[in-house]
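Open the model in your viewer and keep the selection box at hand. The tour goes stop by stop.

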There are 2 protein chains.
Amino acid sequence: MQNVICGRCVKCGREYEAVPDLTNCECGGILDILYDYDYIKTVFTKEKLAARSKPTMWRYRELLPVEESTPDTELRVGWSPLYEAPRLAKRLGLKQLWIKDDGVNPTASLKDRASAMAVAKAREAGAEVIACSSTGNAASSLAGNAAAAGLKTYIFVPSRAPKGKVAQLMSFGATVISVQGSYEDTFELSKAAIERWGWYNRNAAINPYLSEGKKTVGLEILEQLGWQVPDYIAISVGDGCTIAGLWKGLKDLYAIGFIDRLPKLISAQAAGCYPINRAVETGEPWHPMEENTLADSIAVGVPRNADKAIHAIRESQGLTVEVTDAEIMAAQKLLGRSCGVFGEPAGVTGTAGVKKLIEQGRLPADATVVSVVTGNGLKDVANAIQACGEPISVPSDMEKLLAAFAENHIDLR
Amino acid sequence: MQNVICGRCVKCGREYEAVPDLTNCECGGILDILYDYDYIKTVFTKEKLAARSKPTMWRYRELLPVEESTPDTELRVGWSPLYEAPRLAKRLGLKQLWIKDDGVNPTASLKDRASAMAVAKAREAGAEVIACSSTGNAASSLAGNAAAAGLKTYIFVPSRAPKGKVAQLMSFGATVISVQGSYEDTFELSKAAIERWGWYNRNAAINPYLSEGKKTVGLEILEQLGWQVPDYIAISVGDGCTIAGLWKGLKDLYAIGFIDRLPKLISAQAAGCYPINRAVETGEPWHPMEENTLADSIAVGVPRNADKAIHAIRESQGLTVEVTDAEIMAAQKLLGRSCGVFGEPAGVTGTAGVKKLIEQGRLPADATVVSVVTGNGLKDVANAIQACGEPISVPSDMEKLLAAFAENHIDLR
């Protein structure tokens, strides 16, 4: 990899050769992948990129930590649509707003970007098995992307994992181990198994390449905007890997001169679980919190990438915002009816945060904002039912329909 | 529309001017849109198409029945991935197989193609409201695409409609009318309301433009294959509109000289409901059937586009095949684990049909086949749970894990 210099610990600064199965620093800190931007500038231009028809995250090879000989992964990950949302912008009182719908990825979440990277690096490592512990989008995206690549997966889930998510994993042919115990018990057993059998580790707490996959969401947003930099990019935050990846992508583009300024990040967390935002707001180190939110994908009381995330939010001079479950559910409806985008609760938390920041007067009306929807609403239909109310019920009778329309104040023009 | 000649009734041959709110023929027959292929040949070439970067169904404008001034619809519909599936091909004993994953459309099914067309035509008609009766993918795709376009929708569902699907509709801001009665009662009330208020009608039984939207799946398959014609294209069949649209697209390409032969269609229906296949197989007119299958999207006992579908299957010299619910569920697992594609039951019925035809010796091993997955497995998680079995359950203990792996014959290499 001529474009990569090394992996450097974000805590102690120690540097490591960028081997495919790179893990944490000896000090316990997570690594950051360092690039040779001078070299990249000589081989990568906007014109070169524009000539590529490939609608996937692999169009950004020069900025990704993979060997030239490593094949693209099989599923079509990335290049999700960026929709301008003039009606929603007007309703929120905002100059310009775009929605990046990452819920149309192959397994229906942004996590496909990290899992595709894991598959690519597992191949470089010569591994035939990838493992992780997770109950959510990380697990299903790993299972799907690995299945398409012909790799085996072992996925450890706590026994409380929702049956629907387990079914998706099983349909992708993952070997799913349901651990009778807490998430911590599950993680420990997975760690022991990964060490014992030498499986490739897809764990955002350990594998520094995963956020390099996620950063492609940031690269795409800017390319899709024709390199016009928005003032803010809003995204929901759980363990911190996604927002850290987004920031990495933006900084890459700045470093190679594709953009001339950086957007500010908006870190949206649930009011029932916001350890990363609390650390940013108080200036204290982060501490664990309880996980009181229906937005399961960001209900992370012990965030694994807190250091990278906190650094990113601060460095971007970004905003933090906490939204209640009711505000998340309202944002789900708002996005659906104004944009035709159906996001899962964690997926729409960024948009809920934008709305709240405007109401609080912290986001100026003349700002230009991109809001990333990180996962599909079909991932969690139960909460959508709660959020969206009941239909009008009538017999098959026009008079009764008229009465029902009147009663429900339906405007028939 | 310089490219369109008229709408012609498939039953009596009567011709109608192609106005935006075209409906059925006076004789009750559905219309087919006729094109001026000589004109199209003068304005549309493969080179022109290849130069378009637009990854949506609207890249085929010259073959679509819309005015030049009509804007593209808002959501990114179409240009779904076509995956080559060598491992699945080998497992089935087939020379070459591709999977077209239409479950990654904005509302997660192929129906988005028809609904985007409905939105475009409603705009041409000056309509601000679109209506239909449906409980499934047609309804959710209409609600989503219309919401993105700022149009209102009235959607009539029978009271037995699944709550999850209703929730998705409500999240898109549709006015949902739950009719206490059968589907027929629901349809009648919607018909009366559409007539009374003059709403634009998105109903595949009536609106001849919808299958013109669906045909883009066929256009894409051929373009993605570099105009190399596969021997067969397999797809699940319910009311017949989708397979009829697919065939229309293929014939369009043949008519303008983009391809030099036509593939054969494989019409896959559920063994518990196959009125269209039965008509093809017996040579008799179609008759209603009961709807005994878990593949709800194709549980159509009274198909609305039977005439067009039967004609298409026959004209292509295609194959018909009926698959049991058990075979559908097996195909769901097979697609998931070999390709990383998670389809809903109706979505994977085409692949189940391919498998069965090979086992029956009706599909030769040296055939090249495309199988279309019409909808996302997340649409129906309950059935996936049934299909995919239970995970391995252990305490957080390596010895117990070893014992469980041995017991389950897990190959750890």
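Which residue of β13(A) stands opposite A:Ile99? Select A:Ile99 and look across: the residue facing it is A:Ser371. Keep in mind throughout that this is a predicted model.

**Stop 1: β13 of chain A**

Select residues 368-373 of chain A, which form strand β13. This strand is mostly covered, with 5 of its 6 residues buried. Now add residues 96-101 of chain A, strand β5. β5(A) and β13(A) run parallel and share 6 bridges. Next, add β10 of chain A, residues 232-236. β10(A) also pairs with β13(A) in the parallel sense, here over 3 bridges. Return to A:Ser371: in β10(A), A:Ala234 stands opposite it.

**Stop 2: two helices of chain A**

Hide the strands. Select α4(A), residues 111-124, and α5(A), residues 137-149. Their axes lie 8 Å apart and meet at an angle of about 45 degrees. α4(A) is therefore oblique to α5(A). The crossing is right-handed. Show side chains where the helices meet. On α4(A), pick residues including A:Lys111, A:Asp112 and A:Ser115. On α5(A), pick residues including A:Asn137, A:Ser141 and A:Leu142. The contact residues divide into 7 nonpolar, 4 polar and 2 charged.

**Stop 3: where chain A touches chain B**

Show both chains. Here 68 residues of chain A contact 68 residues of chain B. Among the elements giving two or more residues to the chain A side are α5 (137-149), α7 (183-197), α13 (325-339) and β14 (392-395). That side holds 36 nonpolar, 23 polar and 9 charged residues. Zoom in on β14(A) and on β8 of chain B, residues 175-180. These two strands run parallel, joined by 4 bridges. To find one bridge, select A:Ser393 and its partner B:Ser178.

**Stop 4: the sheet of chain B**

Hide chain A. In chain B, 6 strands form an open sheet with mixed pairing. Trace the order β4-β5-β13-β10-β11-β12. Which strands stand at the edges? They are β4 (82-84) and β12 (319-323) of chain B. Each has a single partner strand, so one side of each is left without a neighbour in the sheet. From one strand to the next, the twist averages 25 degrees.

Finish at β12(B). Add β11 of chain B, residues 264-270, which pairs with β12(B) in the parallel sense over 5 bridges. For a last pick, select B:Ile266; opposite it in β12(B) is B:Leu319.

Methods: Residues numbered from 1 in each chain as written. Chains lettered and ligands numbered in written order. Predicted model: local features only at pLDDT ≥ 70, side-chain atom pairs only at ≥ 80, totals over all residues. Pairing = 2+ DSSP bridges. Axes fitted to C-alpha atoms, helices over the stretch in contact; angles between N-to-C directions. Contact = placed C-beta atoms within 7 Å. Nonpolar A, V, L, I, M, F, W, Y, C, P; charged D, E, K, R; others polar. Buried ≥ 20, exposed ≤ 12 C-beta atoms within 10 Å, placed from the backbone. Parallel < 35°, antiparallel > 145°, perpendicular 65-115°, else oblique. Left-handed = near helix turned anticlockwise from the far one by under 90°.
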